[in-house]
Amino acid sequence: MLPVGQKQMLTLALLAGAMTIGTFVYIWAMPPAYLHRTRDGVAYFTPPVIDPVNGKPLNVDRLAQYYKGNVAAGVYAVQKSAIVKTAGH
């Protein structure tokens, strides 16, 4: 027979385990909407797209940030301008 303190700790441990498993099952069965897409609207686990110019893969999340106006985030996702700026004039 277990002492009272051990029974209480066993009960708490079993309750915490059941709640954890229940939470995982709930999130797996009915995931919330915010787990489907990033804040920029790109679905999670979206594969990279191929740049038609050079054939290299582009990160879709950074590409979306770039076209939403966050140029700093998309610098590495989009090719730089082909126009060369010259000093002078």
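**A walk through the chain**

L35 sits in the loop that runs between α1 (4-29) and β1 (49-50); helices (H or I, at least four residues) and strands (E, at least two) are DSSP runs, numbered from the N terminus. The model is predicted, so to speak of local features takes a pLDDT of at least 70 and side-chain atom pairs count only at pLDDT 80 or more, while totals for chains, interfaces and linings use all residues. Residues are numbered from 1 along each chain as its sequence is written, and side-chain values use heavy atoms, leaving out hydrogens and water.

Let us stay with L35 for a moment. With a relative accessible area of 38%, L35 is partly exposed; buried means under 20%, exposed over 50%, and partly exposed in between (1.4 Å probe, protein chains only). L35 joins Y26, I27, M30 and Y34 in a nonpolar surface patch of about 530 Å². Such patches take residues with over 30% relative accessible area and no salt bridge, with nonpolar side chains (Val, Leu, Ile, Met, Phe, Trp, Tyr) joined within 5 Å and like charges within 9 Å. Areas come from the Shrake-Rupley method with a 1.4 Å probe, and for residues only the protein chains shown count as cover.

Now follow that loop to D40, which forms a salt bridge with K68, their closest N and O atoms being 3.5 Å apart. The term asks for a side-chain nitrogen of Lys or Arg within 4 Å of a carboxyl oxygen of Asp or Glu. D40 lies in the loop between α1 and β1 and K68 in the loop between α2 (60-67) and α3 (71-74), so the pair ties together parts 28 residues apart in sequence.
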